Amino acid sequence: MPVDFHLGPSEAATREAAAGFARNVLKPARAEYLKYDQQPERFQATRPAYAAAVQGGLIKGQVSPAHGGNAGSLVEAAILVEECYAVEPSAALTIFGTGLGLTPLNLVGKPEHAEFLAPFLSGEGAPMASLVFSEPGGVANALEKGAPGFQVTALHEGDDWVINGDKMWATNCAGWDFKGCDLACVVCRDITDPPGPDTDPADKVMIILVTRADLDRNGPSAFEVIRHVPMPGHTSSSGPHVRYTNVRVPAKNVLCPPGQGAQVAFGSFDMSAIFVAAMGVGVMRAAFDAALAFAKRDSRNGATPLLERQAFADLLSGIKMHTEAARALTWKAANALQTGPGEYNARRELALAAKVYCSEAAVKACTDAINAVGITSYDLDQPFSDLLNTAIVLPIFDGGNVGIRRRHLQQLMLLPTYDAWAATYGPDVKQ
């Protein structure tokens with residue numbers, strides 16, 4: 001039987017290293033950024049922790065070995081994300097946001113793109129990448145026939161492409177000084193030729209690489225932060241509303257030409273679905289641990305500790321069961337997406353399912369922990385409100401569950417070739 005949930009030497013080493021980094025770097029980083037009231041200053045206060053991640057190989061570890069990086073398996077990546085999110089989610093998101101920003105290059109990068117990856121392989125400084133996808137008006141329906149599509153546009157002029165428009169919610173897109181990150185994979189719409197009446201909007205979607213050097217060369221008006229978005233959770237992360245104005249880049253910066261950008265962007269989010277699932281597991285684990293510790297030390301002035309009360313124990317055991325189920329689904333989805341069985345759509349379905357299930361289970365775990373602990377959980381000196389504020393975004397970011405992820409699951413089930421259990425048992429030979 002090939003199913004074995006014992007961690008091998010590589011997975012165990014990943015977990016130990018991740019736990020040490022979370023404990024020794026991320027946790028102290030939280031104490032530092034909480035000295036500031038505003039989110040932009042909190043974000044900048046995490047730079048030393050991010051630099052430590054670079055030095056420790058966590059950024060290079062998010063680059064495929066095919067491109068000179070040290071990335072391991074997706075299961076190892078899920079273990080890494082869980083360990084970090086169980087301790088300090090906000091500073092961790094900035095690190096993993098760079099990983100998402102590099103994913104399009106991991107998927108389709110060619111040797112000629114090596115220069116764009118070089119800063120992230122050096123182990124020096126604090127280089128930052130971003131997948132710049134979402135827009136102020138939303139993108140859930142941007143590929144619908146007859147829709148206006150992505151509002152950030154690219155115009156082919158001579159040997160250059162000129163980018164214009166607003167983006168929002170893209171983690172790390174503004175960089176440490178809010179003048180642009182080191183590398184942005186900008187998802188945009190080609191407007192060089194007018195679309196025909198039967199044009200598929202996806203045929204116009206492309207991805208262009210925009211470096212900080214490109215922005216600097218275009219001048220200070222080329223990139224602007226319109227608004228830093230205050231958020232109830234992840235309060236040291238940065239995903240502001242930004243504007244590109246006549247940003248001119250050379251043709252060599254085109255990673256995905258028109259017609260290929262949408263597939264690569266959504267392929268990147270298939271990968272990150274695993275990581276959001278692991279984030280959910282980390283939050284659930286932290287909620288369980290905090291509620292368990294409270295139940296062991298507190299009696300609410302009764303004769304026995306709360307853990308001996310059936311109502312409390314029922315809520316706590318529910319959190320534990322859902323956490324274990326979520327972790328198992330995350331690991332299975334990670335392994336299936338990378339190694340099979342089944343063709344890509346079957347494997348992708350598990351990644352989507354993991355993102356939806358684990359993100360929503362994380363919210364429930366936090367509310368169950370709050371209900372179990374009672375009014376004391378409302379004290380900001382307790383971790384529960386912060387955990388809920390962290391969890392609440394998981395179902396709505398990285399492709400919202402309602403607008404995008406469940407719709408993708410629906411599209412897969414509608415396919416004539418849909419094979420429900422292929423990612424578990426292999427293709428159905430009867431089909």
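The lining of the largest cavity in this predicted model divides into four nonpolar, two polar and two charged residues. The residues concerned are E343, N345, A346, L412, L415, T417, Y418 and D419. The space in this largest cavity amounts to about 70 Å³. A search of the whole structure returns two cavities of 30 Å³ or more.

The second largest cavity holds about 40 Å³ of space. Its lining is formed by R30, Y33, P89, S90, G233, H234, T235, D386 and T390. Helix 1 (9-33), helix 5 (89-108) and helix 11 (384-391) are the elements that give two or more residues to this lining. By class, the residues lining the second largest cavity comprise two nonpolar, five polar and two charged.

Helix 5, one of the elements contributing to the lining of the second largest cavity, has 20 residues. The distance from its first C-alpha to its last is 29 Å, close to the 28 Å expected at 1.5 Å a residue. The helix nevertheless contains a kink of about 40° at L102, shortly before the proline P104. Helix 5 is also mostly covered, with 17 of its 20 residues buried.

Strand 4 (residues 183-190) is likewise mostly covered, and seven of its eight residues are buried. Pairing was found between strand 4 and strands 1, 2 and 5. With strand 1 (residues 129-132), strand 4 pairs in the parallel sense over four bridges; here S130 stands opposite A184 of strand 4. The pairing of strand 4 with strand 2 (residues 153-157) is also parallel and extends over two bridges. In that pairing, T153 of strand 2 stands opposite R189 of strand 4. Strand 5 (residues 205-211), by contrast, runs antiparallel to strand 4, and seven bridges join the two. R189 recurs here, standing opposite V205 in strand 5. R189 of strand 4 thus stands opposite T153 and opposite V205.

Several backbone features lie in loops between helices. A cis peptide bond, with omega of about 15°, joins G340 and P341. P341 is placed in the loop between helix 9 (310-339) and helix 10 (344-373).

Positive phi values are recorded for R300 and D398, neither of which is a glycine. For R300, phi is about 55°. This residue is located in the loop between helix 8 (261-297) and helix 9. The relative accessible area of R300 is 43%, and the residue is therefore classed as partly exposed, a term covering values between 20% and 50%. For D398, phi is also about 55°. D398 is found in the loop between helix 11 and helix 12 (401-414). Its relative accessibility is 13%, so D398 counts as buried, the cut-off for which is under 20%.

Helix 11, which borders the loop holding D398, is also among the elements giving two or more residues to the lining of the second largest cavity.

Conventions. Residues are numbered from 1 along each chain as its sequence is written. This is a predicted model: local features need pLDDT of at least 70, side-chain atom pairs count only at pLDDT 80 or more; totals for chains, interfaces and linings use all residues. Side-chain values use heavy atoms; hydrogens and water are left out. Buried means under 20% relative accessible area, exposed over 50%, partly exposed in between (1.4 Å probe, protein chains only). Two strands pair if DSSP finds at least two bridges between them. On a 1 Å grid over the protein atoms alone, a cavity is a set of points where a 1.4 Å probe fits but cannot get out, and a pocket is an open set with protein on both sides within 12 Å along at least five of seven lines; lining residues have an atom within 4 Å of a point. Grid points are joined across faces, edges and corners, and a volume is the space filled by probe spheres set on the points. Ala, Val, Leu, Ile, Met, Phe, Trp, Tyr, Cys and Pro count as nonpolar, Asp, Glu, Lys and Arg as charged, and the others, Gly among them, as polar. The expected span of a helix is 1.5 Å times one less than its number of residues. The bend at a residue is the angle between axes fitted to the seven residues ending there and the seven starting there.
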